[in-house]
Amino acid sequence: MTHIHDVVIIGAGLAGMRAALEASKVADVAVITKLYPSRSHSGAAQGGIAATLKNVDSDDCIEFHMFDTVKGSDYLGDQDAIENLCNEAPEVIYETEHMGVPYSRTPEGKIAQRKFGGHSLHHGKVAANRACYAADYTGHVLLHTFFEQCIKQRVRFYSEFQAVGLIVVDNRCLGIVAWDIQKGGLHVFHAKATMFATGGYGRVFKITSNAHASTGDGLALCLRAGLPLEDMEFVQFHPTGLYKQGILLSEGARGEGAYLLNGLNERFMERYAPTLMELAPRDMVSRSIQTEILEGRGAGPKKDHVWLDIRHIGEKRIAAVIPQIRSLCLNFGGVDPIKQPIPIQTTAHYSMGGIPVTCDGRVIYDEKNSLVEGLYAAGECACVSVHGANRLGTNSLLDATANGRRTGRTIANDIGKLKLNALPENPMEDTQERIGRVAGSTGREKVIHIRHDLRDSMEENCGVFRSGERLQKQKQILKDLLERYRQIKIDDQSKVFNTDIMEALELGYMLEFSELIVEGALRRTESRGAHSRTDFPKRDDVNWLNHTLAWRDASGQIRFGSKPVVIKNYQPMERKY
Ligand SMILES: Cc1cc2nc3c(=O)[nH]c(=O)nc-3n(C[C@H](O)[C@H](O)[C@H](O)COP(=O)(O)OP(=O)(O)OC[C@H]3O[C@@H](n4cnc5c(N)ncnc54)[C@H](O)[C@@H]3O)c2cc1C
């Protein structure tokens, strides 16, 4: 079956729906999503969204936000894109307020703002109150508000359709092929403009804060269509995942004053970031936690975690501003954080890299920024790059919302000029063949076993600290896992809600782009932001102040290229907090 729309957006998180709101002002827009829209991972975001509203710190300003974002990115962020992000942030927030987002309030009734890691006043002197929030349900309220607005604006949703193929002919995108999860069967979505907003891929790791659906599908579909991915070696590990589960305990807790303590009850961040302490950027705090554990100062019988202590914040304030943290601890960790410190460990959280795009959300396919006509991307699946080597907390909801809006506007501007180019004779051929191969597999390997081996080994060999030796080992493990993947067996042969096939497809995607994460990390012989090599502990601006581009051909060969970083006002400096 073929559906025709002016615009097809894959993904109903904040980026996809914010873009849909813009594009649908002038065009017929369809949003394809493998989950029901309000189940998108954006809804799990807790702590806040950044903007210099000056509601708490009157001396905050947009330039401080830019500086913090550039420094936080370890100077790999593109400064033109960062300028756009920080300049647009206040307007973007007020727009969401006017759409109906119920933000928490200051006593005078303004949008409340709190502290978050790496956000500061006067270039690092003191922590800034810059995160707008709705208790610790910020993503949830934004997502529901955007969904309501999309319905009001008659955006067409195709829920529980999984994109499984991208149709690109001669650098012109013509739409996608999607699998109808509910009924089974392939559909073609033919469009003038196609946009990816498919979110992140934390599920590649064992301990992760990400939802089950965060499997990086959009990235893999671009790779398979011959397009490159950017900066895939940069994966953010959040400092405070609930011990053993990885469930996120928002940085909002530290923004409200929570301490990190080691097994000796020391506030160990004094040693690593004496000024901002627990509110240093995530890459630093995560490394500090790992260092404490590796040097034997962890907590518990195995000394394999540390504590997050929120007791001094008090029951009343906790109930008002971080209630979800308490309920997550009670329900999933069996601890009451009002009475006890919370056991935590680092958790794979965010992908800085992704589909390379221009500041306006247009997908590029080479080092010269050549454009794929009619293809766009925004949100966590895209690499603009506003986060560089390390994202600051609250800048991602902002990125998804601001760059979702920007990309939606680009599409609205382009749509008059774009034609509905003819599809190839059999646009589903490749996809049909691939799915047929997966669905009909009768080998001996179970998808779940390969998936566990992938997650465990990535955690072990490509985590917070990396080394050439470990990465080489992981490169070989991935080759072996890809070989085993060719021998899988699908038990469920029905068409309706066949999650076996979905999971097998997602595993294939993750195996393919994990090779880019690992080989990109192996190639980058320096430490920058979230990419920390024990054998190359220093940042190397002479050789590595550039973005990685990586392609993977059908035979699995990986090719690397690079792109310069856009530097405007801020020259790279040493990063101290
Ligand atoms: C627990 C948690 C807490 C967070 N807290 C914060 C915070 O406080 N502040 C902050 O700034 N950031 C936070 N983040 C990060 C931020 O929430 C995300 O980066 C951001 O919401 C991503 O939005 P998105 O629109 O790009 O993707 P998502 O919200 O992940 O949406 C992805 C969409 O793509 C669809 N999709 C994926 N693959 C396919 C496919 N093959 N076919 C069809 N549809 C597909 C899904 O159905 C979904 O609708 C948090 C993240 C997590 C995991």
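So, a polar contact here is a pair of N or O atoms within 3.5 Å; within protein, one atom must be able to donate a hydrogen and the other to accept it, and residues adjacent in sequence count only if both atoms are side-chain atoms. Keep that in mind for the ligand. What we have is a predicted model, where local features need pLDDT of at least 70 and side-chain atom pairs count only at pLDDT 80 or more, while totals for chains, interfaces and linings use all residues. Residues are numbered from 1 along each chain as its sequence is written, and side-chain values use heavy atoms, with hydrogens and water left out.

Okay, the ligand. Which side chains put an N or O atom 2.8, 2.7 and 2.5 Å from one of its oxygen atoms? Thr33 sits at 2.8 Å, Ser40 at 2.7 Å, and Ser42 at 2.5 Å. On its own the ligand would expose 1,000 Å², and the protein buries 98% of that; those areas come from the Shrake-Rupley method with a 1.4 Å probe, and for residues only the protein chains shown count as cover. Five elements each give two or more residues to the shell: α1 (14–23), β2 (29–33), β7 (161–169), β14 (342–351) and α11 (395–414). By elements I mean DSSP runs, numbered from the N terminus: helices are H or I with at least four residues, strands are E with at least two.

There are 37 residues around the ligand, and Ser40, His41, Ser42, Glu380 and Ser396 come nearest. To count as near, a residue needs a heavy atom within 4 Å. The shell splits into 14 nonpolar, 19 polar and four charged residues. For that split, Ala, Val, Leu, Ile, Met, Phe, Trp, Tyr, Cys and Pro are nonpolar, Asp, Glu, Lys and Arg are charged, and the others, Gly among them, are polar.

Now the empty space. On a 1 Å grid over the protein atoms alone, a cavity is a set of points where a 1.4 Å probe fits but cannot get out; a pocket is an open set with protein on both sides within 12 Å along at least five of seven lines, and lining residues have an atom within 4 Å of a point. Points are joined across faces, edges and corners, and a volume is the space filled by probe spheres set on them.

The second largest pocket holds about 760 Å³. Its lining has 26 residues, with Leu482, Arg486, Glu512, Arg552 and Ala554 nearest the centre. Helices α5 (217–224), α12 (429–439), α14 (468–485) and α15 (499–523) each give two or more. What's the mix of classes in that lining? Eight nonpolar, six polar and twelve charged.

As for cavities, three come in at 30 Å³ or more. The largest has about 60 Å³, and among the residues lining it are Gln236, Phe237, Arg282 and Asp283. Helix α8 (282–294) and strand β11 (235–242) each give two or more residues to that lining, and α8 gives the most, with four.

The second largest cavity is about 40 Å³. Val384 and Ser385 are among its lining residues, and those two are joined by a cis peptide bond, omega about 5°. Ser385 lies in the loop between β18 (382–383) and α11. Another backbone oddity is Asp74, not a glycine, yet with a positive phi of about 55°. Most residues other than glycine have a negative phi, and most peptide bonds are trans.

Last thing, rings. Rings of Phe, Tyr and Trp (its six-membered ring) pair if their centres lie within 6.5 Å; planes under 30 degrees apart are stacked, over 60 edge-to-face, the rest tilted. The whole structure has nine such pairs. Tyr201 and Phe513 make a tilted one, 5.1 Å centre to centre with 50° between the planes. That pair links distant parts of the chain, 312 residues apart.
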